[in-house]
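Please open the model in your viewer and keep the selection panel at hand. The tour below moves from stop to stop, saying at each one what to select and what is found there.

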Amino acid sequence: EGIGFGDGDCAPYRQSDRKNAGVYAQYAQQLIDAGHAYYAFDTQEELEETRERFHAMKTTFSYNAITRQNMKNSLTLSEDEVKHLLDSGANYVVRMKIPRNEEVRLNDLIRGWVVVHTSQVDDKVLFKSDGMPTYHLANVVDDYMMKITHVIRGEEWLPSAPLHVLLYRYLGWEDVMPQFSHLPLLLKPSGHGKLSKRDGDKLGFPVFPLDWADEKTGKISSGYREKGYLPEAVINMLVLLGWHPSGNQELFTMDELIADFSLERVSKSGAKFDIKKSRWFNQQYLHKRSDDNLAEVFKTDLNRHGVTADDATIIKAVSLLKEKANFVLELTPEQLARDAAAKLAAIEEEK
């Protein structure tokens with residue numbers, strides 16, 4: 001079920017289709033009618049002026065239960081003023097009306113009970129006058145309509161979780177709210193700071209699954225496949241970033257991972273990326289591959305270097321070379337192409 005698979009009970013699957021059908025507008029209006037959201041007509045200039053005024057007082061502006069009483073919205077304007085603004089086509093956003101003095105509780109599968117006071121949550125924008133929902137409204141509506149049971153995302157979304165819990169409650173969906181799991185961040189090899197897509201090129205390891213070219217700059221960021229990483233090694237390496245198995249085992253088949261994995265054993269703290277360990281994983285799975293299997297990859301690389309040999313010879317060469325390699329590509333890098341050819345020639349002479 002889904003795009004390209006055929007429609008089922010959860011269609012449509014594109015947010016643009018739901019937007020055009022008025023789905024998000026319907027639920028935004030439901031929240032307004034129930035008193036859980038409101039129209040805000042503040043212009044960007046007015047908001048910026050308010051931020052500067054708060055900055056001058058050495059504090060940070062937050063559109064919340066206190067400040068909204070002094071802003072231009074349907075809570076402070078008369079019904080006639082609100083109707084006039086809407087009828088005249090004035091730009092607006094729909095903001096969530098966060099209760100002033102409540103605790104929101106969330107039982108996260110990784111972190112246990114998370115309790116956040118609503119004084120720490122601002123009135124997030126849910127919907128815009130052009131009909132576009134923000135992430136907060138769209139993800140809750142989409143997950144409900146597609147009957148999502150588990151939401152697994154990075155810990156940077158944890159501060160937004162109380163808002164999403166309230167949305168499920170106010171829309172009447174709390175009984176079918178998904179279970180949440182907020183994963184720890186992947187950290188730089190130094191352990192300081194979140195790993196970014198730019199770090200790979202700076203530090204010499206891939207962060208994309210495949211080579212990726214920036215359309216604007218043309219710069220290519222390296223991918224795991226092109227660097228010679230085996231799929232099973234990448235899966236094994238990734239699953240151990242922040243997850244602890246029940247024993248001391250490090251190498252897992254997919255069936256073993258399925259049997260042993262649980263979100264409850266995912267760490268709460270960030271996981272430091274270890275490039276040396278990722279190479280070790282690849283080496284282990286390289287050695288596990290049969291000579292026949294590796295010979296097929298090796299043959300392609302040999303041809304690329306202008307070296308030809310029969311299959312039996314290539315299989316023999318692989319069996320001699322693979323114990324010292326971390327990657328199949330290391331069997332024939334540019335600087336060793338001639339050495340590989342010499343080894344093949346020596347094997348031919350021994351026949």
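How do the residues of the lining of the largest pocket divide into nonpolar, polar and charged? They divide into 19 nonpolar, 2 polar and 2 charged. Please keep in mind throughout that this is a predicted model.

**The largest pocket**

To bring this pocket into view, select Pro209, Tyr224, Arg225, Tyr229 and Val234, which lie nearest its centre among the 23 residues that line the pocket. The space enclosed there comes to about 450 Å³. Next, add helix H8, residues 231-239, to the selection, since this helix gives the most to the lining of the largest pocket, with 4 residues.

**The second largest pocket**

Keep helix H8 displayed and move on to the second largest pocket, which holds about 370 Å³ of space. Here the selection to make is Leu183, Pro184, Leu186, Leu238 and Leu241, the closest to the centre of the 18 residues that line this pocket. Strand S6 (150-154) and H8 are the elements that give two or more residues to its lining. By residue type, the lining of the second largest pocket divides into 13 nonpolar, 2 polar and 3 charged.

**A nonpolar patch on the surface**

With a surface representation switched on, select Ile235, Met254 and Ile258, which together make a nonpolar surface patch of about 290 Å². Of these, Ile258 is found in helix H9, residues 254-260. Is Ile258 buried or exposed? Its relative accessibility is 61%, and Ile258 therefore counts as exposed, the cut-off for that class being over 50%.

**The cavity**

Turn the surface off again and look inside, where a search of the whole structure finds 1 cavity of 30 Å³ or more. The largest cavity has a volume of about 40 Å³, and the residues to select around it are Val104, Arg105, Leu106, Val114, Val116, Leu158, Ala161 and Pro162. Which elements each supply at least two residues of this lining? They are strand S3 (103-108), strand S4 (112-117) and helix H6 (161-170), and S3 gives the most, with 3 residues. The lining of the largest cavity divides into 7 nonpolar, no polar and 1 charged.

**Salt bridges**

The next stops concern charged side chains. Side chains of opposite charge can pair when their charged atoms come close. In this structure there are 15 salt bridges, and three are worth selecting in turn.

Begin with Asp122 and Lys124, whose side chains meet in a salt bridge with an N to O distance of 3.3 Å. Asp122 has a relative accessible area of 22% and is therefore partly exposed, and Lys124, at 30%, is partly exposed as well; the class in question runs between the limits of 20% and 50%.

Then select Glu174 and Arg169, where the N to O distance of the salt bridge is 3.5 Å. Glu174 counts as partly exposed at 36% relative accessibility, and Arg169 is partly exposed with a relative accessible area of 30%.

Finish this part with Arg289 and Glu232, whose side chains meet in a salt bridge at 2.9 Å, N to O. Where do these two residues lie along the chain? Arg289 is in the loop between helix H10 (275-288) and helix H11 (291-304), whereas Glu232 is in helix H8, so that the pair, 57 residues apart, links distant parts of the chain. Glu232 is partly exposed, with a relative accessible area of 26%.

**Backbone details**

For the last stops, switch to a backbone representation. Select Ala11 and Pro12, which are joined by a cis peptide bond with omega of about 0°; Pro12 lies in the segment before helix H1 (15-20).

Now go to Lys58, which is not a glycine and nevertheless has a positive phi of about 60°. This residue is placed in the loop between helix H3 (44-56) and helix H4 (79-87), and Lys58 counts as exposed because its relative accessibility is 79%.

End at Lys147, which likewise has a positive phi, of about 55°, although Lys147 is not a glycine. Lys147 lies in the loop between helix H5 (135-145) and S6. At 56% relative accessibility, Lys147 counts as exposed.

Methods:
Residues are numbered from 1 along each chain as its sequence is written. This is a predicted model: local features need pLDDT of at least 70, side-chain atom pairs count only at pLDDT 80 or more; totals for chains, interfaces and linings use all residues. Side-chain values use heavy atoms; hydrogens and water are left out. On a 1 Å grid over the protein atoms alone, a cavity is a set of points where a 1.4 Å probe fits but cannot get out, and a pocket is an open set with protein on both sides within 12 Å along at least five of seven lines; lining residues have an atom within 4 Å of a point. Grid points are joined across faces, edges and corners, and a volume is the space filled by probe spheres set on the points. Ala, Val, Leu, Ile, Met, Phe, Trp, Tyr, Cys and Pro count as nonpolar, Asp, Glu, Lys and Arg as charged, and the others, Gly among them, as polar. Patches are made of residues with over 30% relative accessible area and no salt bridge: like charges are joined within 9 Å, nonpolar side chains (Val, Leu, Ile, Met, Phe, Trp, Tyr) within 5 Å. Accessible areas come from the Shrake-Rupley method with a 1.4 Å probe; for residues, only the protein chains shown count as cover. A salt bridge is a side-chain nitrogen of Lys or Arg within 4 Å of a carboxyl oxygen of Asp or Glu. Buried means under 20% relative accessible area, exposed over 50%, partly exposed in between (1.4 Å probe, protein chains only).
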